[in-house]
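Q: Please take a close look at one part of this fold, beginning with the pairing inside a sheet and following it wherever it leads. I would like the cut-offs stated as you go.

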Amino acid sequence: MKIQFDIPPGSAQEANGLPVRYAAAKRQVPRWRWYLLLAMVLAAPAYLLMRFAIAYWWETAPGFVVTEQVAVGVHTSGRVARIVAVGETVPAGQPVMVLEPPTAAGAPASTAVAAPLAAATDPAVAQAVAQGQAARLAGLKEAERLALRQAALHQERVRTMEGLRLQGAATRQELDGVRLQAMQAEAGVDRARAERAETAAQVARDRALAQAALRAQSPMPLAAPGVPGTNASTGPLAAGAALPSPDVVAPFDATVVRQLVRRGEWVVPGTDVAVLQGRGAPMVHAYVLPNEARYAQVGRQASLQFMDGGRIRAEVVGVVAEAERLPAERVSPLSPRMPSIVVRLRPLEPLPAAYRIHQLPLDVRFDWVWSGF
């Protein structure tokens, strides 16, 4: 038996000598799509390569904007009559806060004089005044004792934090914060002592006025010589005229960035009332690792890169003579916080108002230099 096979078609467009009309083939894929796919595949390696090149050719260090900032306080007791609002500018020597005098803050002069006179003439009033004064002195003494205990606890915390910093378990900022709290506690002790001493002096003055009133048998025994706090021509109220002005003035041209007291509050000596920020050119502090110490030299050029994309050129003008650890908020939790060199940079052009913020974080990218220079 002879098997015969069909003759293969000579063309794809015919079968057994008959033409076949096939449907139109699908369109070809454009070439740009292959290019796009290739770019997507190579994007990640290219990004990593670019980051490696930037890290190799340019040293980048974390930094902060630093402005001249100071807290001002009062040196006398009184009630706040007026204080400059936040954001307002104060020229040097102009008042930031105005205090009412003690007599105006409480009662008029006639009432202040009438109180010891009434206590001297009426035994019941004298006993009530003495009890009130004794209670107030006792309360102030207890407040001073509690302030001393609080200051002692803060000092103990400072010693503990210093030990932790030596072991590398605490940052310089944390230690400075604890020291600031200890200083505030010591200021509280000083305020308590000053208030107690002022109250005791006021009690002594009231007793002296009462005794002078009894001796003179006059409703205004204020001109008697030898009585503490009196004057032969103007009386005890004129003694306040010889005191320095209780107003708090700005030590330099500044802007009020924070109010620590409000109008109508009673303040005692040593109380901080406002935080002022100088209007001078701010500086930038950058943290450079010790192995990159060649960048910590005066005259080195750098670029300040802010978080919103802004860039400003800067120049190294100095180096802080004490190493500090990198701020915790600028370091990855998996990276060690090495002691770093703190470099002070000065912007080559004035910073915009949006960047004149104390402790504003940024990146400092130094221009590349050879290791031997």
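A: Thr 255 has Gln 277 of E11 as its bridge partner, and this contact belongs to the pairing of E9 with E11, which is antiparallel and extends over five bridges. The model is a predicted one, in which local features need pLDDT of at least 70 and side-chain atom pairs count only at pLDDT 80 or more, while totals for chains, interfaces and linings use all residues. Residues are numbered from 1 along each chain as its sequence is written, and side-chain values use heavy atoms, without hydrogens or water. Helices (H or I, at least four residues) and strands (E, at least two) are DSSP runs numbered from the N terminus, and two strands pair if DSSP finds at least two bridges between them.

E9 and E11 are part of an open sheet of four strands, ordered E4-E11-E9-E6 with antiparallel pairing. Its edges are E4 and strand E6 (89-90), and because each of these has a single partner strand, one side of each is left without a neighbour in the sheet. At the E6 edge, two bridges join E6 to strand E9, which covers residues 254-259, and the two run antiparallel; here Val 90 is matched with Ala 254 of E9. At the other edge, E4 and E11 pair in the antiparallel sense over five bridges, with Ala 71 standing opposite Val 275 in E11.

The E4 side of this sheet also leads to a pocket. Strand E4 (69-73) and strand E11 (272-278) each supply at least two residues of the lining of the second largest pocket, as do strand E3 (59-66), helix H5 (172-216) and strand E12 (283-288). H5 gives the most to this lining, with nine residues. The volume of the second largest pocket is about 860 Å³, and of the 30 residues that line it, Gln 69, Asp 176, Leu 180, His 358 and Gln 359 are the closest to its centre. A pocket is here an open set of points on a 1 Å grid over the protein atoms alone, where a 1.4 Å probe fits and protein lies on both sides within 12 Å along at least five of seven lines; lining residues have an atom within 4 Å of a point. Points are joined across faces, edges and corners, and the volume is the space filled by probe spheres set on them.

Gln 359, one of the residues closest to the centre of the second largest pocket, sits in the loop between strand E16 (339-347) and strand E17 (361-366). Gln 359 is not a glycine, yet its phi is positive, at about 65°. Its relative accessibility is 43%, so Gln 359 counts as partly exposed, a class that lies between buried (under 20% relative accessible area) and exposed (over 50%), with a 1.4 Å probe and protein chains only.

Ala 61, by contrast in class, is buried, with a relative accessible area of 3%. Ala 61 is found in strand E3, and its C-alpha lies 9.8 Å from that of His 285, although 224 residues separate the two in sequence.

From the Gln 359 loop, the description can be carried back along E16. Five bridges join E14 to E16, and these strands run antiparallel, with Leu 345 of E16 as the bridge partner of Val 316. E14 (residues 311-319) is in turn joined by five bridges to strand E13 (residues 301-305), again in the antiparallel sense, and Gln 305 stands opposite Arg 311 in E14. E13 and E14 form a hairpin with five residues between them, and in the turn Gly 309 has a positive phi of about 100°.

A further open sheet of four strands can be set beside the starting one: its order is E8-E7-E5-E10, and its pairing is antiparallel. Strand E8 (248-249) and strand E10 (266-267) are its edge strands, each pairing on one side only. Strand E7 (residues 95-100) is joined to E8 by two bridges, and the pair runs antiparallel; Met 97 has Val 248 of E8 as its bridge partner. On the inner side of the order, E5 and E7 pair in the antiparallel sense over four bridges, and Ile 83 stands opposite the residue Met 97 in E7. Strand E5 (residues 78-83) also pairs with E10, in the antiparallel sense and over two bridges, where Arg 79 stands opposite Trp 266.
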